[in-house]
Amino acid sequence: YARDTLQNNVIMLLTPFTAYLFAELVDASGVLAVVVAGLILSQYRPRVATAAARWQSTSFWASGRSRWR
C-alpha cells in the first residue's frame, strides 16, 4: 500500500471504479463488486493508511459536502 498521502487517496478513489470495471469485464455484478471493495477498504485502510492520508481524505470529502449545501 502506498505511503504517499496523495497516492494513497487516489488509490482509495479509484478502487471502486476499478472493481466495477473488472466485474463488468468478467460478466459479474459491478454493484456487488463495488460494495465488496468498499467493505474491504473500510477494514484494511485504517490499519495501513498514515494519519496524514486519513486527514487529507477527510478534508477532501468535507469540502465536497459543504459545496452542495
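G38 is partly exposed, with 33% relative accessible area, and this glycine sits in helix α2. The model you are looking at is a predicted one. Its protein chain holds three helices and zero strands, so a good place to begin is how α1 and α2 pack, since two packed helices are described by the angle between their axes and the distance between the axes. After that come a few residues worth a visit.

**The chain as a whole**
- Following the sequence from start to end, you will meet the pattern α-α-α.
- The protein chain has 69 residues, and 22% of them count as buried.
- About 5300 Å² of surface is accessible on the protein chain, and carbon and sulfur atoms hold 68% of that area.
- Among contacts in the protein chain with a separation of 6 or more, 58% come from residues 24 or more positions apart.

**How α1 and α2 pack**
- Helix α1 covers residues 5–25 and helix α2 covers residues 30–48; their axes lie 7 Å apart and make an angle of about 150 degrees.
- That angle makes α1 roughly antiparallel to α2, because angles over 145 degrees count as roughly antiparallel.
- The crossing of α1 past α2 is right-handed.
- On the α1 side, the contact is made by N8, N9, M12, T15, P16, A19, Y20, A23 and E24. Their partners in α2 are G30, V31, A33, V34, A37, L41 and R45.
- Sorted by class, this contact of α1 with α2 contains 10 nonpolar, four polar and two charged residues.

**G38 and P16**
- To find a link from G38 back along the chain, look at P16: the two are 22 residues apart in sequence, and their C-alpha atoms are separated by 7.0 Å.
- P16 is also one of the α1 residues that meet α2.

**A23 and the start of α2**
- A23 belongs to helix α1 and is buried, at 5% relative accessible area.
- Setting aside residues up to four places away in sequence, A23 touches A28, S29, G30 and A33.
- Of these partners, take A33: A23 and A33 are 10 residues apart in sequence, with 6.3 Å between their C-alpha atoms.
- Both A23 in α1 and A33 in α2 are listed in the contact of the two helices.

**The loop residue D27**
- D27 is placed in the loop between α1 and α2.
- Its phi is near 55 degrees, which is a positive value in a residue other than glycine.
- With a relative accessibility of 72%, D27 counts as exposed, so it lies above the 50% cut-off for that class.

**N9 and S57, linking α1 and α3**
- N9 is a residue of helix α1, while S57 is in helix α3, which spans residues 51–67.
- N9 counts as buried at 7% relative accessibility, and S57 counts as buried at 9%; both are in this class because their values are under 20%.
- Apart from its neighbours within four places in sequence, N9 is in contact with R45, A53, Q56 and S57.
- S57, with residues up to four places away left out, touches N9, M12 and R45.
- R45 is thus a useful residue to display here: it touches S57, it is in contact with N9, and it is among the α2 residues that meet α1.
- M12 is another to show, as M12 touches S57 and is also one of the α1 residues in the contact with α2.

Definitions and conventions: Residues numbered from 1 in each chain as written. Predicted model: local features only at pLDDT ≥ 70, side-chain atom pairs only at ≥ 80, totals over all residues. Heavy atoms only, no water. Axes fitted to C-alpha atoms, helices over the stretch in contact; angles between N-to-C directions. Helix = DSSP H or I, 4+ residues; strand = E, 2+ residues; numbered from the N terminus. Parallel < 35°, antiparallel > 145°, perpendicular 65-115°, else oblique. Left-handed = near helix turned anticlockwise from the far one by under 90°. Contact = heavy atoms within 4.5 Å. Nonpolar A, V, L, I, M, F, W, Y, C, P; charged D, E, K, R; others polar. Buried < 20%, exposed > 50% of the residue type's maximum accessible area, 1.4 Å probe, protein only. Areas by Shrake-Rupley, 256 points an atom, 1.4 Å probe, with all protein chains shown as cover.
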